[in-house]
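Welcome, and thanks for taking a look at this one. Here is a short guided tour to read with the coordinates open beside you.

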Amino acid sequence: MRQEPFGGFDRRSRRRARLVVALTCLLGSLACWYAVGLTHLLSPGGWTPPAADSVRAEALLASEFHAGPPQLILHATTPDSVDAPEVTAAGRDLTRRVAEDQRVAWVNSYWQQGLPSLRTEDRHSALVLIRLQGGERATRDAAGDIIDRFTGTRGPLRVSASGAAAVMDETEKLSEEGMRFAEFVAVPLVLLILLWVLGSVTAALLPVVVGVVAVAATTAVLRLLSTVTEVSLFALNITTALGFGLAVDFSLLLVSRYREELAGGGGADQALRRTLRDAGRTVVFSAATIAASLSALLLFPLPLLRSLAYGGVTVVCASAAGALTVLPALLILLGERLDRWDVFARLRRPRQAVSSGAWFRLARAVMRRPVLVTVGALALLVLLAAPVTQVRFGMYDDRILPPSSPVAETSQRLRADFGSEWVDAASVVLPGPTAGRPGAETGAVTGPVTGAVPDPVTDPVPDSVLDAYARRLALVPGVRRVEARTGTYRDGLRSAVPDASSARFAGPGGTWLSVIPEGTDPLSPEGSRLAAGLRAVPAPGPVLVGGPGARLADTEQVLAGRLPLVVGVTVLAAFALLLAFTRSVLIPVKALLLNALGLAATSGVLVAVFQQGRLAPLLGDVTAGGVTDVVVPSLMFCVTFGLSMDYEVFLLSRIVEEHRRGSDTATAVAIGLQRTGRLFTSAALVFATVTAALALSSLVLLKLIGVGLAFAVLLDCTVIRALLVPAVMRLAGRANWWMPRFGRGKNRRVPSGTPPSETSLPGTPLPAAPMEDT
């Protein structure tokens with residue numbers, strides 16, 4: 001009796017499949033319901049270690065001195081003078097109303113203190129500086145509410161907003177808009193790619209179902225985690241793209257292998273079992289490798305990177321689980337309907353033998369001249385990586401916003417009219433006997449400041465000692481002036497005696513000094529060096545240095561200190577998994593080296609585009625201060641490393657399988673590339689489409705991540721997988737399969753004898769490949 005191509009599933013299998021689909025629908029619906037409103041619970045920050053000295057310094061300034069960098073700045077303009085009676089009344093009323101908000105820690109305005117530095121010389125603009133209570137999520141929510149209530153026209157004043165909290169609020173809005181727009185653009189393109197690759201509307205929808213399930217589960221987990229820890233908003237954007245990309249990867253692998261097993265005969269039930277046995281093992285190893293790479297981000301004490309680890313590991317596990325449970329259940333229920341509605345049927349070529357496939361011919365061509373291909377590909381990667389030598393690490397500020405953003409416009413006006421003293425100044429805090437105890441501001445230091453709290457019996461710093469310390473600070477390169485309770489200092493000399501405004505530098509919590517930089521961008525390498533110079537100056541007691549430059553220096557220190565451990569853990573985990581998967585020592589080493597080259601090339605492209613502005617006509621001005629964000633390389637390393645290993649596992653799974661069947665290295669590589677080349681390039685194209693859509697966002701950070709991930713996967717599936725892997729494996733020959741005796745498996749099959757291609761020199765004729773239908 002003839003076996004139907006997609007028949008053969010018994011009633012028990014169908015019953016179990018229906019149960020799996022029903023439970024998936026139920027759990028997915030509950031996850032979607034629970035995740036409603038998630039974006040409002042996420043933080044757009046998380047770029048600085050919470051326990052950093054700079055964070056503690058700013059908390060002490062806010063709680064003990066009602067000072068420090070304001071988180072929200074209201075810029076008020078008027079056609080009249082800011083000192084006119086009507087304008088003064090409106091300014092005082094604005095200040096009073098803002099101060100009445102319970103979420104405000106303190107308010108300083110020109111109409112409150114009369115400081116000349118809070119108004120322009122033409123007296124048409126003045127500032128209201130606001131410090132908010134709580135962490136980043138609380139300050140963002142409060143800032144959004146204050147901006148909505150107090151900006152716009154207020155009598156004779158025209159009020160707009162800037163500051164870190166305003167940037168966070170605007171970032172959240174633009175991130176949501178960018179995500180919706182990316183989905184609008186990416187979804188139709190992804191469906192077209194899947195229709196072409198999988199051959200029918202029904203089959204093309206399978207990866208989408210798996211992706212929706214994985215993303216729904218991940219958003220629910222992030223929603224749960226947001227109740228106990230800080231979760232970054234950017235983690236949602238990245239894990240969503242990662243979830244759909246991996247769902248496509250795993251689904252393509254399983255569906256293609258299922259069809260291949262069906263074509264070999266034996267019935268649908270047996271084909272599905274073989275698919276889950278062989279391709280399922282590949283999915284498990286691939287998911288484990290990616291999860292291990294992303295979990296290394298937990299070693300960084302930055303909420304942003306830890307959030308990505310939470311979401312990334314969850315979405316990887318959910319994608320693999322969905323591919324190994326939901327997808328087989330749908331295959332059982334669909335049966336022979338899997339291949340219905342092939343809209344590109346007329347454009348497809350008839351099935352070809354393996355030796356006639358394009359990927360097989362490419363592999364054979366590469367392996368005929370492996371030295372030439374290897375040298376050429378390596379030269380290209382080195383050329384792309386060259387800009388890395390000119391990298392300037394920093395941090396992004398309001399310049400990640402599009403120029404049309406109201407917050408960005410206000411920030412530019414503040415720089416033009418007031419300079420950037422109020423946001424760029426460094427703060428040097430000498431804590432007093434009561435400093436570090438529970439403060440009035442939520443989020444202030446609630447315990448002793450490590451290494452920074454003097455003995456309770458210590459007297460406050462005398463004026464003579466503080467004067468000498470301020471003079472030393474004023475001599476640090478890059479310092480324009482130092483302001484303290486003892487006066488103003490320039491070039492190591494006191495240039496002005498104390499005035500009425502100097503009283504703000506003293507309080508029950510000790511004393512502090514304000515250091516104004518000399519035209520230095522504090523979130524650049526120069527700002528980091530300035531903070532290091534201030535910390536190196538001998539102080540009259542324990543000291544904390546805060547400000548943007550100090551935050552950058554603290555973040556750099558943490559990342560640089562943990563990066564070797566993160567790289568080591570990631571590399572060792574990937575090596576161990578590939579060693580167990582391939583039963584080879586050289587193949588994992590080769591994979592790690594090639595991945596490192598791909599990462600270097602991607603980093604070079606990002607520096608060239610987003611630091612040096614090489615593609616400004618295409619992407620616009622995306623330089624955001626001419627620096628590369630110090631956090632992004634660690635993020636890109638773990639994500640792109642995991643994805644590269646995913647495609648490596650896809651390719652190696654078939655190469656190793658063919659070699660264990662008795663094929664020589666050259667034939668195994670050619671057949672393996674023919675079997676998987678279309679899969680991993682299609683998966684990479686889908687993932688690149690999803691991530692590249694992020695580049696359409698108006699936020700520079702999302703543009704950088706989108707372009708970086710898209711370029712990384714496309715480079716990996718072309719230059720590295722299609723060219724370098726066959727060439728290097730051809731050069732290695734029999735050494736590819738070397739394994740110490742204690743690591744050899746019992747069932748490892750090694751071809752008897754030495755195939756000609758294992759010993760012949762590169763460039764000699766390759767043996768013919770077996771003819772197999774795909």
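In helix α16, the residues P525, G527, S528, L530, A531 and L534 are buried. Keep in mind throughout that this is a predicted model. Helix α16 itself covers residues 525–536, 12 residues in total. From its first C-alpha to its last it reaches 17 Å, close to the 16 Å expected at 1.5 Å a residue.

**A covered strand and its partners**

Strand β7, made of residues 426–431, is mostly covered, with 6 of its 6 residues buried. Which residues of β7 point one way, and which the other? A426, V428 and L430 point one way, while S427, V429 and P431 point the other way, and all are buried.

β7 has strand neighbours too. Strand β12 (residues 510–517) runs antiparallel to β7 and is joined to it by 6 bridges. Strand β13 (residues 544–546) also pairs with β7 in the antiparallel sense, over 3 bridges. V428 is a handy residue to click on here: its bridge partner in β12 is L513, and in β13 it stands opposite V545.

**The nonpolar cores**

In soluble globular proteins, nonpolar side chains tend to be buried together. In this model, the largest nonpolar core has 180 residues, and L74, W111 and I130 have the most contacts inside it. Helix α10 (residues 303–334) gives the most to this core, with 17 residues. Another core lies apart from it, with 23 residues, including Y469, V479, V482 and V537.

L74 is a good place to start browsing. Leaving out residues up to four places away in sequence, L74 touches L94, V98, A126, L127, V128, I130, F150, T151, V159, S160 and A161.

That last contact, A161, sits in strand β5 (residues 157–162). With a relative accessible area of 6%, A161 is under the 20% cut-off and therefore counts as buried. Beyond its neighbours within four places in sequence, A161 is in contact with L72, I73, L74, I147, T151, A166, P406, V407 and T410. Of these contacts, I147 is 14 residues from A161 in sequence, and their C-alpha atoms are 6.6 Å apart in space.

**A buried threonine in a loop**

T78 belongs to the loop between β1 (72–77) and α3 (85–99). Is T78 buried or exposed? T78 is buried, with a relative accessible area of 5%. A polar atom of the T78 side chain lies 3.2 Å from the backbone nitrogen of D80. The T78 side chain also has a polar atom 3.2 Å from the backbone oxygen of P156. Not counting residues up to four places away in sequence, T78 touches V87, H124, P156 and L157.

**Salt bridges**

How many salt bridges does the structure hold? There are 38 salt bridges, and three of them are set out here.

| Pair | N to O distance |
|---|---|
| E261 and R257 | 3.1 Å |
| R399 and D521 | 2.9 Å |
| D463 and R485 | 2.9 Å |

E261 and R257 are both in helix α8 (residues 233–263), and because they are 4 residues apart there, about one helical turn separates them. E261 counts as buried at 12% relative accessibility, and R257 counts as buried at 5%. Both residues also take part in a network of salt bridges that links R257, E260, E261, R274, R277, D278, R654, E657, E658, R661 and R675.

The pair of R399 and D521 has another setting. R399 lies in the loop between β6 (393–394) and α13 (406–418), and D521 in the loop between β12 and α16, so the salt bridge ties together parts that are 122 residues apart in sequence. R399 is partly exposed at 27% relative accessibility, and D521 is partly exposed with a relative accessible area of 22%.

D463 and R485 likewise link distant parts of the chain, 22 residues apart. D463 is in helix α15 (residues 463–474), whereas R485 is in the loop between β8 (479–484) and β9 (487–490). With a relative accessible area of 47%, D463 is partly exposed.

Conventions:
Residues numbered from 1 in each chain as written. Predicted model: local features only at pLDDT ≥ 70, side-chain atom pairs only at ≥ 80, totals over all residues. Heavy atoms only, no water. Buried < 20%, exposed > 50% of the residue type's maximum accessible area, 1.4 Å probe, protein only. Helix = DSSP H or I, 4+ residues; strand = E, 2+ residues; numbered from the N terminus. Pairing = 2+ DSSP bridges. Core = buried A, V, L, I, M, F, W, Y, C linked by side-chain atoms within 4.5 Å. Contact = heavy atoms within 4.5 Å. Expected span 1.5 Å × (residues − 1). Salt bridge = Lys/Arg side-chain N within 4 Å of Asp/Glu carboxyl O. Polar contact = N/O pair within 3.5 Å; in protein donor to acceptor, adjacent residues only side chain to side chain.
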